[in-house]
Amino acid sequence: MSAAGRRPLLGLLVAGLGFAALAVAGLPAFYESFLYLIFSWIALATSWSFLSGYAGYFSFGHGAFFGAGMYTTAALTTMLGVPFLATLPLAGVLAAALGAGIGAVVFRVKRLRGELFGLLTLAVGFVLATIVLNTRIDGGPGVYLSAVPLPRLLASPTGTLYLLGLALAVVTVGAAWVIVHSRLGLGLYAIHDDEDVAELEGVPTLSYKLIAFALSAGVAGVAGGIHAMYVSYVTVGETFSITVPLYVVLMSVLGGARHWLGPAVGATIIASSLYVFTGGQQAVLGRALVALVLILVILLLPEGIVPALLARWRRWRPRPAVALAGPAAAPVVATAPAATLACEDVWRAFGGIQALRGVSLAVAPGEIVGLVGPNGSGKTTLINVISGYYAPDRGRVTLGTETLTERPAHQVARLGVGRTHQIPRPFAHLTVLDNVAVAATFGAGGATPAQARAEARDWLAFTGLDRRATALPHALNLHERKFLELARALAGRPRVILLDEVLSGLNPAEIASAIRLIQQIRARGVAILFVEHLIRAVLELSDRVVVLNEGEVIAAGSPQEAMRAERVVEVYLGKAHVA
Amino acid sequence: MLLDVRGLAIAYGDAPAVWDATLAVGAGEVVSVIGPNGAGKSTLVNTIAGLQRARAGALRFDGADLGAVPAHLVCRQGIALVPEGRRLFTRMSVEENLEMGCYRGEARRARADSLARVYALFPILRERRRQLAGSLSGGQQQMVAIGRALMARPRLLLLDEPSLGLAPTVVDQMFEIIRAIHAEGVAILLVEQNVVRALDIAARAYVLEEGRVVADGPPATLRQQSRIREAYLGLRDGDIHP
Amino acid sequence: MPSLTLLGQALVSGLLAGGIYGLLALGLSLSWGLLRLVNLAHFALALLGAYLTYQLGATFHMPPWLAALAIVPAFFGLGVALHAVFTYFRVTEFTSLLVTFGITVIIESVIQWVWTADYRRYETAWATASLRVGPLFVPTLELLACLTAAVLALATWAWLRFTYVGKALRASAEDPAIAAAFGVNHRAQGFLLSGVSAAYAGIAGAFIALIATLAPSQIWAWIGVVFAVVIIGGLANPIGALLGGLLVGVSESVTMAVAAPAWAPLVSFSLLILILILRPGRV
């Protein structure tokens with residue numbers, strides 16, 4: 001990463017040092033307290049967005065980790081006499097372990113996304129609160145920390161907490177910047193837009209979600225530990241109230257949950273405004289206002305303040321177009337040795353319907369095999385089995401010497417299987433360039449994010465999309481989106497590509513250019529299996545044709561042979577009537 | 001002409017599915033639309049049924065402009081749909097599915113009579129009237145789908161790929177029933193991949209390929225034409241001998 | 001080990017409490033199951049209804065059943081208005097969770113602003129009345145609430161099962177496009193359902209006013225329990241909501257009798273978590 005790229009981090013460090021210097025110089029206790037709260041909220045909101053903002057798994061249980069941290073510190077200092085500072089890393093680790101534990105169970109269940117994940121995390125918070133309330137950890141009366149010695153880093157007690165809070169905020173925001181610019185961040189963004197496709201492009205979705213959740217929980221835990229000393233009297237009611245979960249969501253959404261600085265901006269705005277309403281009935285009004293803002297932001301400004309401002313700024317000063325002087329020839333494709341894809345006796349049923357019956361076929365390197373058959377014959381199911389999205393009931397799929405079945409889809413992608421979808425499924429919030437960069441990063445090539453972007457540009461040039469590199473997918477027409485699918489599949493350095501009706505919806509000129517592209521890909525030694533209804537194209541492109549009907553292979557051979565086979569004619573046109 | 005479609009253009013977002021489709025169905029006529037997968041047949045039928053809006057062109061039913069009618073009022077005009085893949089309300093019973101067919105006012109009044117006729121046409125459904133629709137076999141589900149549409153007392157019945165996924169003997173049954181429905185004076189627009197059956201039953205047919213009507217006319221004429229073989233199998237005339 | 005009488009009393013209390021849970025869960029189960037929108041504000045509405053019942057009784061000496069007659073139609077209107085906002089902004093199932101979260105807080109704040117955080121108790125003559133069944137006491141008001149819940153659940157079930165509108169609602173929830181092809185107006189149904197759901201919240205509120213002590217923070221205590229009941233009973237399943245409520249109510253009260261009272265919330269939330277993780281297929 002260039003020095004210019006690191007500027008935000010530097011700026012963050014400078015700001016941090018500046019605030020620290022302020023405290024050393026001597027701030028009135030009121031300001032130390034006020035700023036500490038803002039730092040605390042910045043850390044909480046930013047950490048919340050690691051999983052919930054970047055990957056889109058909105059958690060309503062951030063308060064549970066915060067509370068776990070608070071009570072870890074409270075219990076360890078009062079019951080076991082552990083020095084306060086030592087409890088902080090413990091609080092973080094415990095909370096992280098809690099997050100990882102919950103994630104390990106919940107993330108494996110596919111349907112627990114979206115609102116169900118939100119409900120589940122809300123429930124976890126309540127469960128934790130009840131447990132704490134009823135065991136010796138709290139037991140009811142609350143925990144007093146006033147007797148716990150606080151190391152004096154500065155003149156005043158609030159000074160220490162101020163510095164600790166500042167340090168946590170700087171580290172967390174810095175971590176956010178690092179994550180967003182790393183493989184982890186790219187993977188999380190991909191998960192946000194389309195988790196299944198991300199997995200198919202090689203993103204290890206389960207691990208990444210766990211890491212993000214654990215990191216997020218850990219920071220909240222540390223923040224809680226510090227806060228325990230700040231309030232010095234910890235009760236279940238206050239700790240596990242709805243305040244933390246509500247406010248972190250609002251702050252992140254307001255500022256921009258996907259941006260590394262968004263939650264911090266949102267936290268600053270909200271925390272400062274809330275300070276205006278202190279005590280009594282005004283606090284009530286404050287809460288109502290916060291909630292109203294949340295509603296308005298969700299309805300009207302769903303991306304958040306920071307992205308909206310950035311967009312406006314970009315319109316004012318358009319960045320110079322990225323000079324994409326790339327080679328017109330195709331970049332290197334396969335890094336691993338070319339291999340034959342083979343399906344051996346694959347069976348797969350859904351409920352009572354047998355979708356695949358003992359399908360066997362093979363595609364050699366540099367061969368194009370056309371897969372045809374009437375509606376419902378099992379073509380897409382076969383593609384889904386090969387790419388690892390479904391496991392077969394019987395049979396196996398191999399690529400060269402590696403067995404693909406029994407592996408999670410992201411490993412299958414890493415081994416060199418690429419696919420396109422019948423209806424293009426680009427990552428909606430990522431630019432065209434980043435869409436392809438995801439595949440380059442997580443596919444068989446395994447590039448660093450910087451290398452990946454360079455490679456992505458080459459693939460965009462190859463497919464003729466270089467001028468659209470900074471556009472978002474919704475701005476592309478169908479033809480361009482299909483080619484984006486193709487570029488993305490290619491960027492994963494596949495040894496075999498599965499094309500699912502890549503030509504449907506294109507006009508004849510676009511079809512011709514797509515066919516040329518596919519032939520160029522074949523020339524690179526990639527094995528190609530393509531599903532198509534446009535029979536004329538199948539005949540023109542394929543070296544061999546396999547015909548499926550009701551899950552079975554009914555014909556295989558050269559295109560002319562296969563399409564002329566009696567069984568095939570019968571299936572397509574119906575049994576000829578006896579005249 | 002009961003149904004009059006002219007120059008219809010339909011798209012999914014910006015992906016065009018049908019360009020410039022023109023066809024007509026007369027009262028009491030059986031008309032087939034054939035063509036390979038992805039040709040746009042279902043899209044066309046769904047648009048006539050009101051599930052989708054056309055981008056351009058005219059759609060008139062018995063003189064009335066259907067383009068302006070909201071989706072849930074199309075049925076009232078006298079059009080009923082048997083969708084591709086049946087699309088039954090699987091969590092409701094057979095009889096409830098049939099009753100949904102006569103949801104609209106007039107048809108509701110004739111409920112008892114319509115139900116009797118549907119059960120006469122499909123005796124097995126009477127046996128299974130309380131069973132959940134999702135638990136029936138493919139053929140039986142198709143019967144429910146057709147019955148549901150008949151309950152609406154339509155003047156035009158839209159049938160989208162009724163033979164899909166069914167065994168040949170069941171398909172034979174299905175087409176017998178379609179003939180019986182036709183005999184009662186209902187106009188039928190049949191979309192079918194199965195060319196032979198589609199041409200057997202129709203008075204006229206249209207061939208749809210890549211979103212365009214490429215041929216039309218009485219079955220006898222179409223059978224001679226090479227366009228169909230080309231469209232489905234990509235082979236020039238003379239390459240195959242059925 | 002507590003005595004048989006104590007257990008029996010716990011059972012009775014649990015069933016009665018479960019009735020209220022069921023009453024609360026009914027409206028939510030309907031709207032979530034048939035509209036595919038999560039209305040977190042359902043509880044806030046119910047509590048608002050409770051406070052209104054209380055206020056109408058305190059200021060105008062209106063008997064609760066009369067108050068309910070005024071509140072229920074008003075709440076129907078509120079439900080319709082909420083749905084109008086949802087349709088205008090094209091709110092998705094997920095966004096509805098966030099938006100109603102916000103609305104809940106607003107309603108809670110309004111309640112606290114008007115009525116303060118002090119506990120309120122609606123004093124009525126029947127508050128202490130109860131029937132004696134052997135050694136067990138069955139408080140009359142709670143019994144009435146439970147019976148109302150049962151009647152409403154049955155009535156709703158019958159409505160969904162036997163009427164054309166009910167069938168249309170079920171069909172539309174499963175496949176709105178095809179339902180529309182047969183004449184079902186999905187939009188109008190949405191408004192109807194939202195209004196009915198809010199009306200149910202109003203009825204639940206009236207009973208809450210009679211039975212419980214009111215405080216603004218109660219909203220959050222109900223949320224977990226009632227969501228657990230809704231999911232346990234199955235979405236759009238009125239009888240399920242009632243039975244789920246009874247199950248949760250009894251589990252809680254038996255836990256309270258056998259262990260410490262404060263463990264009770266754990267039961268419902270743990271049940272919720274377990275069901276979410278273990279239940280096959282879509283909730």
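Start with chain B and select the two sides where its domains meet: 12 residues of domain 1 of chain B are in contact with 10 residues of domain 2 of chain B (contact means that the C-beta atoms of two residues, placed from the backbone, lie within 7 Å). This is a predicted model, in which local features need pLDDT of at least 70, side-chain atom pairs count only at pLDDT 80 or more, and totals for chains, interfaces and linings use all residues. Residues are numbered from 1 along each chain as its sequence is written, while chains are lettered from A and ligands numbered from 1 in the order in which they are written.

To colour the domains of chain B, use 1-75 + 157-163 + 187-237 for domain 1 and 79-153 for domain 2; these bounds come from an automatic or database domain assignment. Their centres, taken over C-alpha atoms, are separated by 24 Å.

Now show the domain 1 side of that boundary. At least two residues each come from α1 (41-49), α2 (74-77) and β7 (156-160) of chain B, with β7(B) giving the most, 4 residues. Helices (H or I, at least four residues) and strands (E, at least two) are DSSP runs, numbered from the N terminus. By class, this side of domain 1 of chain B has 9 nonpolar, 1 polar and 2 charged residues (Ala, Val, Leu, Ile, Met, Phe, Trp, Tyr, Cys and Pro count as nonpolar, Asp, Glu, Lys and Arg as charged, and the others, Gly among them, as polar).

Next, bring up chains C and A together. Here 33 residues of chain C are in contact with 30 residues of chain A. On the chain C side, α4, α9 (218-233) and α11 (264-278) each supply at least two residues, and the largest share, 15 residues, comes from α4(C).

Stay with α4(C) (residues 93-115) and add α2(C) (residues 42-60): the two pack at an angle of about 20°, with their axes 9 Å apart. Axes are lines fitted to C-alpha atoms, for helices over the stretch in contact, and angles run from 0 to 180 degrees between N-to-C directions. That makes α2(C) roughly parallel to α4(C) (angles under 35 degrees count as roughly parallel, over 145 as roughly antiparallel, 65 to 115 as roughly perpendicular and the rest as oblique). Among the residues to show as sticks are Phe43(C) and Tyr51(C) of α2(C), and Ile103(C) and Trp115(C) of α4(C).

Last stop: in chain A, helix α3 (residues 62-79) packs with helix α5 (residues 114-134) at about 25°, axes 8 Å apart. The residues of this contact divide into 7 nonpolar, 3 polar and no charged.
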